[in-house]
Amino acid sequence: MPAIKTENLTKSYGKKRGIIDVSLEVDEGAVMGFIGPNGAGKSTTIRTLLGLLFPTSGSASVLGMDSVKDNTRILESVGYLPPETAFYSGMRVHEIIELSARLRKRDCAEEAKRLCDRLELDTKRRVGELSLGNKKKVGIVCAMQHRPRLYLLDEPTSGLDPLIRQQFFELLAERNAEGATVLLSSHVLSDISKHCTHAAVIREGRLIKQGRIEELVGAGGKRVVLKGVKDAAELERIGGVHSIEVNGDDTAFVFAGSAKELITALAGIDFEDAAIGGRELDEVFMGYYSDGEA
């Protein structure tokens, strides 16, 4: 059973676009990166999964529970971190963390202390005194202290310094190794490629790609750099060649096809040397947003 499954999930805000026919599946034990620019529909999808928003049409299940009928149980069961954390400013950090545990009817004191130590969080300070990064730490502890089977994390590392970011991803890897599933929304593509097993790309409210990281990068084609090309215009006549860039003596392009097809295609091109490699996830991702295809 998938940890998350949506079928044609749509959320409309009247004349404003929300999400449209999103069919997303996240297997148990996966770490899914959820990629898209601001306003693409990432947060709307996550909030609809949690039952914080009701869908206009379609359906969503989380850990086998219906997002509408079982939204209270879902909120009790998952670890959710919103993109912006908002707490009562007059309360101390330990009071916020304890309140979060009581709302779930759990005793999380031991795990909360361990997480606060790992994240170097001072629990005696009042929330109103905290920096953006420290408020984010409070949100992380509240999302992780009850050791849920599923994490829905919306921009979880914004405001964190590099050392704490590293600690956060180590914690996430430990939970995943224990069997937890993660849906991680982020603009930091290096985090997605390094820490996620799968990725889903959403654009203008529609899910346009999902799969394993290596499959998405492989599907993005090969990046080729030719040195000393006599006539770059000849490349435009080769099927599968796109995104041609000429920089001095180097001509770079993306080739959508196999290595054997590439070698055959280049047989008629006059050039001095060639370098062929895979594309990075951020390059593939940007392709989905520049011209609609990677």
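This report describes the fold, the sheet, the charged pairs and the cysteines of one protein in a predicted model.

**Overall build**

The protein contains ten helices and 15 strands. Its C-alpha trace spans about 70 × 40 × 35 Å along the principal axes. Of the 294 residues, 45% are buried. Among contacts between residues at least 6 apart in sequence, 69% join residues at least 24 apart.

**The six-stranded sheet**

Strands of a sheet pair through backbone hydrogen bonds, and the pairing may be parallel or antiparallel. In this protein, six strands form an open sheet with mixed pairing, in the order β7-β8-β9-β4-β10-β11. Strands β7 (79-81) and β11 lie at the edges, and each of them pairs on one side only. On average, neighbouring strands of this sheet are turned by 10 degrees against each other, direction ignored.

Both kinds of pairing can be followed in detail. Strand β4 (residues 31-35) runs parallel to strand β9 (residues 181-185), and four bridges join the two. Phenylalanine 34 has serine 185 in β9 as its bridge partner. Helix α6 (residues 162-177) packs on the sheet and touches β4, β8 and β9. The direction of α6 makes about 155 degrees with that of β8.

Strands β10 (residues 198-203) and β11 (residues 206-212) run antiparallel and are joined by six bridges. These two strands form a hairpin with two residues between them. Arginine 203 stands opposite arginine 206 in β11, and glutamate 204 in the turn has a positive phi of about 50 degrees.

**Helix α5 and a buried lysine**

Helix α5 lies across β7 and β8 (150-154) and runs at about 165 degrees to β7. Lysine 137 belongs to this helix, which covers residues 132-144. Which side chain of opposite charge is nearest to lysine 137? It is that of aspartate 161, 5.3 Å away; lysine 137 is buried yet has no salt bridge. Because a salt bridge requires a side-chain nitrogen and a carboxyl oxygen within 4 Å, the pair does not qualify at 5.3 Å. Leaving aside neighbours within four places in sequence, lysine 137 is in contact with Leu119, Glu120, Leu121, Leu160 and Ile164.

**Salt bridges**

The structure holds twelve salt bridges. Three of them are listed here with their N to O distances.

| Acidic residue | Basic residue | Distance, N to O |
|---|---|---|
| Glutamate 111 | Arginine 114 | 2.9 Å |
| Glutamate 111 | Arginine 147 | 3.0 Å |
| Glutamate 129 | Arginine 125 | 3.9 Å |

Salt bridges that share partners join Glu111, Arg114, Arg147, Arg175 and Glu178 into one network. Glutamate 111 is buried, with a relative accessible area of 12%. Its partner arginine 114 is partly exposed at 31%, and arginine 147 is partly exposed at 35%. Glutamate 111 and arginine 114 are three residues apart in helix α4 (residues 109-119), so about one helical turn separates them. Arginine 147, by contrast, lies in the loop between α5 and β8, so its pairing with glutamate 111 in α4 ties together parts that are 36 residues apart in sequence. In the remaining pair of the table, glutamate 129 is partly exposed with a relative accessible area of 47%, and arginine 125 is partly exposed at 30%.

**Cysteines**

The count of disulfides is zero. Cysteine 142 is in no disulfide, and the nearest cysteine sulfur, that of cysteine 116, is 8.7 Å away. Cysteine 142 is buried at 9% relative accessibility, and cysteine 196 is buried at 8%.

Conventions:
Residues are numbered from 1 along each chain as its sequence is written. This is a predicted model: local features need pLDDT of at least 70, side-chain atom pairs count only at pLDDT 80 or more; totals for chains, interfaces and linings use all residues. Side-chain values use heavy atoms; hydrogens and water are left out. Buried means under 20% relative accessible area, exposed over 50%, partly exposed in between (1.4 Å probe, protein chains only). Lys and Arg count as positive and Asp and Glu as negative; His and the chain ends are not counted. Contact means heavy atoms within 4.5 Å. A disulfide is a pair of cysteine sulfur atoms within 2.5 Å. Two strands pair if DSSP finds at least two bridges between them. Axes are lines fitted to C-alpha atoms, for helices over the stretch in contact, and angles run from 0 to 180 degrees between N-to-C directions.
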